[in-house]
Amino acid sequence: MHVLIVSNPISGAGEAARHAQRLADQLMQRGHHVSHINSEPRAASVWLAPVLAGVDRVAVVGGDGTVRSVALAIADAGVPMVHVPQGNENLFARTLGMPGDVDGSIALIEHGERAEVDIALANGHAMLLMASIGADAAIVARVAAERTNHVSHMHYVRASMKCFLNTPPRLTIRVDGELLVPGQRGWVVVSNSPHYGAHINPAPMASMQDGLLDLTFFRASSGPEVLNWMVRCRFDRHRTVPGFVHRQVKDEVLIEYTEPAHWQLDGDPPPEVGPSPLTITHARQRLTIMQCDGRSLPRL
C-alpha cells in the first residue's frame, strides 16, 4: 500500500513532525511504501494535488486547520484519509473516533472501513467543522494576530478576557432563502460537527455525514451574555432557553452584518477578511475517510 503522510511542521511545537516520522518508520517496517511531505500555506491544489496520483491512503498529521487546508484536494482525488491528531483540540479526529497514537493510526490505515463526510464552503473556503461570527471569532482573530510560535490554551484564555468585553454584532440570517434572524445582536455558529472547542458544543445534534448543516443563533446584547450562553452549551443546557434558535440547513446560509465583525473557520481566521455577507453552502465533494465504524481495531 502507498501511504502519503502530510504533516504540519509547526503543529504541537514540532511534535507533529516527530510523530509523522515515527508513523513513517513503522509503516515501512510493515512493508508499506511511504512518502512524506510537509504542508504548505499555499493552496493544496498547487502542492498536494499533483502528488496524490497512485496513493492508496493519506495520513494527515497536525491539527484541525491542517485537515481543513487539504480536504478539498484529497476529496477531489478520492483518496481515503486518516487524521493523526497533533493539534490543540483535534475536533475532526474526536468526532470521527480517529486515534492519536501511532499503532492506532496504522490499524485504521490498514483495517478501517471507508466512509464519507460532508464538506461545506464558507465564502468559497473549505469548512469541515464550523464557522461562526461573534466573540469566539474575535478570540480566534486576536490569537492569530498575536501568535509568534506554538499556540496553547492559555493564549485563548488571555484573548477571551478581552474579547468578552465587546458588544456582539447585529446579524441578519437567512437559511435556504427564509429570513430566520432579522437584525438581532448575538452569536451564530454554523456546525458540521457536533463538537466544538473546550467542549462548548452549540450543536450536539449535528452530524458530519447527514448532508445537512446545523445553524445555532444565541441572542445576546453583551459579551457577558455570550459567555453565559457558552457556559450553558458546555453543560448542554442551552436548547430550551429563550433566545436560542436552531435550524438545519439543506442548501445555503446567508449571514449579513453592517458593523465590523470577525468570523472564524474551523478554529482559524479566514484566509482573507471580506465584507458582509458570509455565505455557507454545501460543497459538491465529499471527503472519503477510514473509520472504525464502531468496531475495535486489531491490535498490532
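**Why these labels?**

Student: Why is Asn-123 called partly exposed?
Tutor: Asn-123 has a relative accessible area of 32%. Buried means under 20% relative accessible area, exposed means over 50%, and partly exposed is in between, using a 1.4 Å probe and protein chains only. Since 32% falls in that middle range, Asn-123 is partly exposed. By the way, this is a predicted model, where local features need pLDDT of at least 70 and side-chain atom pairs count only at pLDDT 80 or more, while totals for chains, interfaces and linings use all residues. Residues are numbered from 1 along each chain as its sequence is written, and side-chain values use heavy atoms, with hydrogens and water left out.

Student: What makes the phi of Asn-123 worth a look?
Tutor: Asn-123 isn't a glycine, yet its phi is positive, at about 50°. Most residues other than glycine have a negative phi. You'll find Asn-123 in the loop between strand S5 (113–122) and strand S6 (125–127). Asp-266 also has a positive phi, about 55°, without being a glycine. Asp-266 sits in the loop between strand S13 (263–265) and S14. Strands here are DSSP runs of E with at least two residues, helices are runs of H or I with at least four, and both are numbered from the N terminus.

Student: Why does Asp-266 count as buried?
Tutor: Its relative accessibility is 5%, which is under the buried limit, so Asp-266 is buried.

Student: And how do you know that Asn-192 is buried?
Tutor: Asn-192 has 0% relative accessibility, so the buried label applies. Asn-192 belongs to the loop between strand S9 (178–191) and S10. Leaving aside neighbours within four places in sequence, its contacts (heavy atoms within 4.5 Å) include Asp-118, Met-127, Ala-206 and Leu-213.

Student: What about Arg-219: why is that one called partly exposed?
Tutor: Arg-219 comes out at 41% relative accessibility, so partly exposed is the right label. Arg-219 is in strand S10 (residues 213–219). Its C-alpha is 4.9 Å from that of Gly-243, though the two residues are 24 apart along the chain.

Student: Why is strand S1 described as largely enclosed?
Tutor: Six of the six residues of S1 (residues 2–7) are buried, so the rest of the structure largely encloses this strand. His-2, Leu-4 and Val-6 point one way, Val-3, Ile-5 and Ser-7 the other, and all are buried.

Student: How do you know that S1 pairs with S2?
Tutor: Two strands pair if DSSP finds at least two bridges between them. S1 and strand S2 (residues 33–38) are joined by six bridges and run parallel, so they pass that test. Ile-5 stands opposite His-36 in S2.

Student: Which strands are bridged to S12?
Tutor: Strand S8 (residues 170–175) is joined to S12 by five bridges, running antiparallel. Strand S14 (residues 278–291) is joined to S12 by four, also antiparallel. Along S12 (residues 252–257), Val-253, Ile-255 and Tyr-257 point to one face and are buried, whereas Glu-252, Leu-254 and Glu-256 point to the other and are not.

Student: Why are helices H1 and H5 called oblique?
Tutor: The axes of H1 (residues 15–29) and H5 (residues 102–111) come within 10 Å and cross at roughly 55°. Under 35 degrees counts as roughly parallel, over 145 as roughly antiparallel, 65 to 115 as roughly perpendicular, and the rest as oblique. Since 55° is in none of the named ranges, H1 and H5 are oblique. Axes are lines fitted to C-alpha atoms, for helices over the stretch in contact, with angles from 0 to 180 degrees between N-to-C directions.
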